[in-house]
Each structure stands twice: as C-alpha cells, then as structure tokens.
Amino acid sequence: MNQNVQIIFHSSFFNSTVIVLILLIMFPLNVMSQNIWESFGTSSSPWSVSTDLESYSNTTSKVDFMNKNYQSEEDKRNNKWSAKTIWISTSSNQNSPLDISFSVENIIPSNLRNIYHKDNHWYWYVEIEYTTSAGQNKYFRLNYVTSKYSDSNNTYQEACTTDNGTQSKWETTTSLKVRRFRILFDDGEIKIYDSYGDHLAKTIYNVKNVRFVEVGASTGTHLEVTNTSCQRMTTYGQSLPYLQKAANYMDNNNASSAASEMTTAINKGLKCYDTYLMRGIAYYIQGYYKSAIEDLSSAINYSASNKEMAYYYRGMSKLALNDDYGINDLKNGGQDGLVFLRENNLMNYTPGQNKKKTTTNTAKKKTTSSQSKKPALKK
C-alpha cells in the first residue's frame with residue numbers, strides 16, 4: 001500500500017480537539033488524587049535512642065526511657081544537666097514541609113524521690129535543630145522542670161524556660177500534665193506548639209530545613225514519648241497549587257499559562273506522567289510540536305501503564321511534523337488512536353514507505369509565524 005499521509009481529513013482534527021476538551025475536564029480528577037502527605041521514619045519507630053541510655057523501650061507506640069546516670073558533684077556545682085536523648089532525624093538535605101507531633105507523659109516514675117541528683121526536680125527538654133537560610137546550624141530548646149514538692153497530697157509544679165531565658169509561670173497540679181507538642185515547617189518557617197499542641201510557643205523565620213527533633217532527660221528523669229506522628233509533604237503536595245492553576249488555565253483555553261504553571265511544578269520536583277502529559281498537550285494545542293513530543297515521551301517513560309493518552313498526542317504531534325511514524329504511536333493511543341486511523345484508512349499503512357514530504361493539515365492547528373518557537377515560560 002503506497003498511501004499518502006496527506007489524505008487525513010479535517011473532521012479528524014475536530015475529533016482530537018473534542019478529546020482535548022474532554023481531557024481538560026477529567027485531568028484534575030486524575031492527577032489531583034495523589035497523597036499530599038507521607039509518613040517517614042522506620043517502620044518500627046521514628047525515634048532513635050542514644051547508645052549510652054541505660055534503660056529504655058522503643059516500640060511503634062511508645063518510647064519509655066530513664067536516664068540513670070548519677071549527677072556528679074561538679075555538675076551539681078555548675079547546675080549542669082547530664083542529659084540522655086532520643087531524636088527524630090528529618091533528613092537534613094530535604095526542605096520538604098514537615099508536620100511532627102508527639103506527647104510526653106509519666107515524667108516521674110511512680111512516687112520515687114529523685115535519688116540521682118538528690119532533690120525533687122526532674123529536668124527534661126524538647127529541642128529543634130535546624131539550618132538557616134544562610135547555612136548556619138542552630139537549635140531552639142524548651143527546657144522543662146517538674147517538681148514534686150509535697151508527698152502528702154501528691155502535688156506537682158512545672159515550669160518551662162526557653163533558650164532565650166524566658167520562663168513561664170509555675171503551674172501547680174495534683175497530677176502531671178500530658179504535654180503535646182507539634183512542630184510545623186513550611187515556607188521557611190518553623191512553628192512550635194506546646195501545652196496540648198495548641199499553644200504557639202515559638203516561630204522561627206528564615207529556615208532552610210529541619211535537621212532533628214530531640215527529647216532529652218536529665219539525670220534521674222523518666223519520660224514516655226507517645227502518639228508520635230511524622231509526616232512529610234510529598235512533591236505532589238508541594239506542587240498542587242501549580243497543578244490547580246494549570247488545570248484552570250486549560251479549562252479556560254489558556255494553554256500557554258498552563259504550560260508555564262506545569263513548568264514551575266516540574267521544577268519543584270513533581271516529575272511524573274501527569275505533569276509531563278498536561279504540559280505536552282498544552283504545547284500541542286499551541287503548535288509547539290517538538291516540545292510536545294519531548295514531554296509526551298517523558299510521560300511515557302514515567303508511566304508503567306495507562307500511556308494511551310500520551311501515545312495519542314505524541315502521534316498527532318509527529319504527524320503534524322510530517323513524521324508518519326506517528327502512526328505507530330496512534331496504534332498505541334487507545335480507542336481514540338484506532339478510530340483516527342480507521343477513519344483515514346491508515347490501519348495497514350507502514351511508516352517510512354512514503355519518501356515524499358507531505359503536509360498534514362489535519363493534525364496541525366493553524367499557527368502564525370510567531371508560534372514557531374517554544375513560548376517563554378514563567379520561572
């Protein structure tokens with residue numbers, strides 16, 4: 001069969017335009033169904049435990065530990081803590097938004113007097129280590145002291161001192177409070193909540209990333225850390241605003257702005273089938289067929305299945321550039337590709353047999369000379 005690709009007729013281009021419009025309506029349902037947050041940390045426990053901690057239990061539900069190191073005479077004179085710690089590593093090379101929360105409870109074991117440093121005070125802290133935008137490693141610490149000052153009525157006091165020396169008022173209670181902490185990192189800011197997780201204790205600005213979240217216990221202090229949740233925003237979650245904007249632009253026939261938003265999302269790290277598919281179709285609509293082929297090829301490489309839409313538009317882009325090997329893509333382009341080939345009697349056509357260059361008006365949209373180059377994209 002020595003058939004010329006030029007026979008493709010205009011009604012088929014109308015059909016592909018309708019398919020584009022259908023895709024724009026359905027696309028948000030596809031790409032915007034991924035997870036925004038993901039858990040991180042080991043499967044057994046997100047907490048790591050200091051190797052010199054003498055007594056601890058570390059499970060998925062609870063870290064129970066006690067610092068049994070005695071306070072030396074020199075430490076007593078210098079009012080120094082001999083702290084032992086547990087910590088969560090957040091991968092310091094990542095700047096993804098974080099949401100970490102946990103509770104601290106059962107600070108005093110039973111009704112025991114603190115025999116390790118000879119008084120009725122138990123010291124502990126929560127610390128956040130981070131890297132500033134300028135590359136400096138810093139930390140912020142909330143220091144807590146819990147005091148059992150009356151054995152007869154089982155009364156306790158608790159106060160908190162921050163790293164800048166600000167101390168809260170002493171709180172008196174007949175039973176120890178459960179302290180709930182939440183650390184949020186997003187858009188260069190850390191917000192630290194204490195009390196029951198609803199009191200903003202500190203906001204830290206100009207932050208590049210969070211390195212560690214640490215809980216420390218002084219000599220003789222017992223702690224239980226429970227109900228830990230460690231969530232990191234996925235690259236999809238970070239790029240979701242750009243995806244939503246791109247979908248809205250496509251719905252309003254503004255393919256150029258949609259391509260710009262998708263470029264921003266891809267630069268944010270969301271490199272997957274859906275992003276390259278949407279930008280590839282946006283390029284196709286504008287008549288930038290080479291750019292469309294590049295993106296649609298990337299989409300095909302990122303997906304293990306459901307590649308039909310990418311094959312379809314890559315095939316149409318190739319035909320628009322007089323490359324009859326686009327017919328092979330259309331054969332993999334699902335029902336729409338097969339309908340296109342049947343309508344134009346190309347099911348049995350063998351690409352490469354027609355050596356004469358032809359114009360495939362039906363696969364091209366009408367373009368002006370200014371559309372011959374890839375559009376400038378927002379950075």
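Helices (H or I, at least four residues) and strands (E, at least two) are DSSP runs, numbered from the N terminus. By this assignment, Ala310 has its place in helix α7, residues 308–320, and the protein chain has nine helices and 15 strands. The model is a predicted one, in which local features need pLDDT of at least 70 and side-chain atom pairs count only at pLDDT 80 or more, while totals for chains, interfaces and linings use all residues. Residues are numbered from 1 along each chain as its sequence is written, and side-chain values use heavy atoms, with hydrogens and water left out.

**The chain as a whole**

Of the 379 residues of the protein chain, 48% count as buried; buried means under 20% relative accessible area, exposed over 50%, and partly exposed in between (1.4 Å probe, protein chains only). The protein chain exposes about 19000 Å², and carbon and sulfur atoms supply 46% of that area. Accessible areas come from the Shrake-Rupley method with a 1.4 Å probe; for residues, only the protein chains shown count as cover. Among contacts (heavy atoms within 4.5 Å) in the protein chain with a separation of 6 or more, 64% join residues 24 or more positions apart.

**Nonpolar cores and Ala310**

A nonpolar core is a set of buried Ala, Val, Leu, Ile, Met, Phe, Trp, Tyr and Cys residues joined through side-chain atoms within 4.5 Å. The largest such core has 40 residues, of which Met250, Leu277, Ala310, Leu330 and Phe340 touch the most other members. Helices α3 (235–251), α4 (255–267), α5 (273–286), α6 (289–302), α7, α8 (326–331) and α9 (334–343) each supply at least two residues of this core. The largest share, eight residues, comes from α5. A second, separate core of 38 residues includes Ile88, Ile100, Tyr144 and Val207.

Ala310 is buried, with a relative accessible area of 0%. Leaving aside neighbours within four places in sequence, Ala310 is in contact with Tyr273, Leu277, Leu296, Ala299 and Ile300. Tyr273 and Ala310 are 37 residues apart in sequence, and their C-alpha atoms are 8.7 Å apart in space.

**Salt bridges**

The structure holds nine salt bridges, each a side-chain nitrogen of Lys or Arg within 4 Å of a carboxyl oxygen of Asp or Glu. Three of them are listed below.

| Pair | Closest N to O distance |
|---|---|
| Arg182 and Asp99 | 2.6 Å |
| Glu189 and Lys191 | 3.8 Å |
| Asp329 and Arg314 | 2.7 Å |

The first pair links distant parts of the chain, with Arg182 in strand β11 (residues 179–186) and Asp99 in strand β6 (residues 98–105), 83 residues apart. Arg182 counts as partly exposed at 34% relative accessibility, whereas Asp99 counts as buried at 14%. Glu189 is partly exposed at 27% relative accessibility, and Lys191 is partly exposed at 27%.

Asp329 lies in helix α8 and Arg314 in helix α7, so this pair ties together parts that are 15 residues apart in sequence. Both Asp329 and Arg314 are buried. Arg314, Lys318 and Asp329 are linked in a network of salt bridges.

**Arg232**

Arg232 lies in strand β15, residues 222–233. Arg232 is buried yet has no salt bridge; Glu38, the nearest side chain of opposite charge, is 4.9 Å away. Here Lys and Arg count as positive and Asp and Glu as negative, while His and the chain ends are not counted. The side chain of Arg232 reaches the backbone oxygen of Thr90 at 3.1 Å. Not counting residues up to four places away in sequence, Arg232 touches residues including Trp37, Glu38, Phe40, Thr90 and Pro97.

Conventions:
Polar contact = N/O pair within 3.5 Å; in protein donor to acceptor, adjacent residues only side chain to side chain.
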